[in-house]
Amino acid sequence: MTENATTLLQQALELPAETRAEIAAELIASLDRETGEEVQRAWAREIQRRVEAVRKGALRGEDWRTVLAEIEREVLSG
């Protein structure tokens with residue numbers, strides 16, 4: 001991190017929590033905007049790949065209740 005960025009961070013950390021939260025949200029949103037289109041294209045490709053796999057019978061879906069029960073068992077078993 002540059003010296004300027006470190007100074008800015010130190011100043012930001014002195015702000016009230018609500019203001020820091022607003023700044024953090026804006027910073028995160030700016031990252032989303034920068035990579036948004038690339039991420040959307042990647043998801044579109046992945047969705048298309050999965051749709052094609054389902055159509056070809058290479059991928060089978062599961063009922064969401066079954067998946068949820070499996071996740072709960074794994075989480076609860078540690």
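Helices (H or I, at least four residues) and strands (E, at least two) are taken here as DSSP runs, numbered from the N terminus. The structure is a predicted model, in which local features need pLDDT of at least 70 and side-chain atom pairs count only at pLDDT 80 or more, while totals for chains, interfaces and linings use all residues. Residues are numbered from 1 along each chain as its sequence is written, and side-chain values use heavy atoms, with hydrogens and water left out.

On these terms the protein has three helices and zero strands, and the pattern read along the sequence is α-α-α. Helix α2 covers residues 17–56 and contains Arg49; helix α3 covers residues 64–76 and contains Val67.

The overall dimensions come next. The radius of gyration, taken over C-alpha atoms and set against a globule rule of 2.2 Å times the number of residues to the power 0.38, is 21 Å for the protein, whereas a compact globule of 78 residues would have a value near 12 Å. Along the principal axes, the C-alpha atoms fill a box of roughly 55 × 35 × 20 Å. Arg49 and Ala25 offer a handy internal ruler: they are 24 residues apart in sequence, and their C-alpha atoms are 33 Å apart in space.

Residues were classed as buried (under 20% relative accessible area), exposed (over 50%) or partly exposed (in between), using a 1.4 Å probe and protein chains only. Buried residues make up 3% of the 78 residues. Accessible areas come from the Shrake-Rupley method with a 1.4 Å probe, and for residues only the protein chains shown count as cover. The protein exposes about 7,400 Å², of which carbon and sulfur atoms supply 57%.

Turning to charge, Lys and Arg count as positive and Asp and Glu as negative, with His and the chain ends not counted. Each charge is placed at NZ of Lys, CZ of Arg, CG of Asp or CD of Glu. There are 11 positive and 16 negative side chains, and the centres of the two sets lie 12 Å apart.

Side chains of opposite charge can pair when their charged atoms come close. A salt bridge is defined as a side-chain nitrogen of Lys or Arg within 4 Å of a carboxyl oxygen of Asp or Glu, and the structure holds three of them. Glu46 pairs with Arg49, with the closest N and O atoms 2.5 Å apart; these two residues are three apart in helix α2 and therefore separated by about one helical turn. Glu46 also bridges to Arg50, where the closest N and O atoms are 2.7 Å apart, and this pair is four residues apart in helix α2, again about one turn of the helix. Glu46, Arg49 and Arg50 are thus linked in a network of salt bridges. Both arginines are partly exposed, Arg49 with a relative accessible area of 46% and Arg50 with 43%.

Another bridge joins Arg65 to Asp63, with the closest N and O atoms 3.1 Å apart. Arg65 is exposed, at 52% relative accessible area, while Asp63 is partly exposed, at 34%.

Finally, there is a nonpolar feature to point out. Patches are made of residues with over 30% relative accessible area and no salt bridge, joining like charges within 9 Å and nonpolar side chains (Val, Leu, Ile, Met, Phe, Trp, Tyr) within 5 Å. Val67, Ile71, Val75 and Leu76 form such a nonpolar patch on the surface, with about 400 Å² of accessible area together. Among them, Val67 is partly exposed, with a relative accessible area of 32%.
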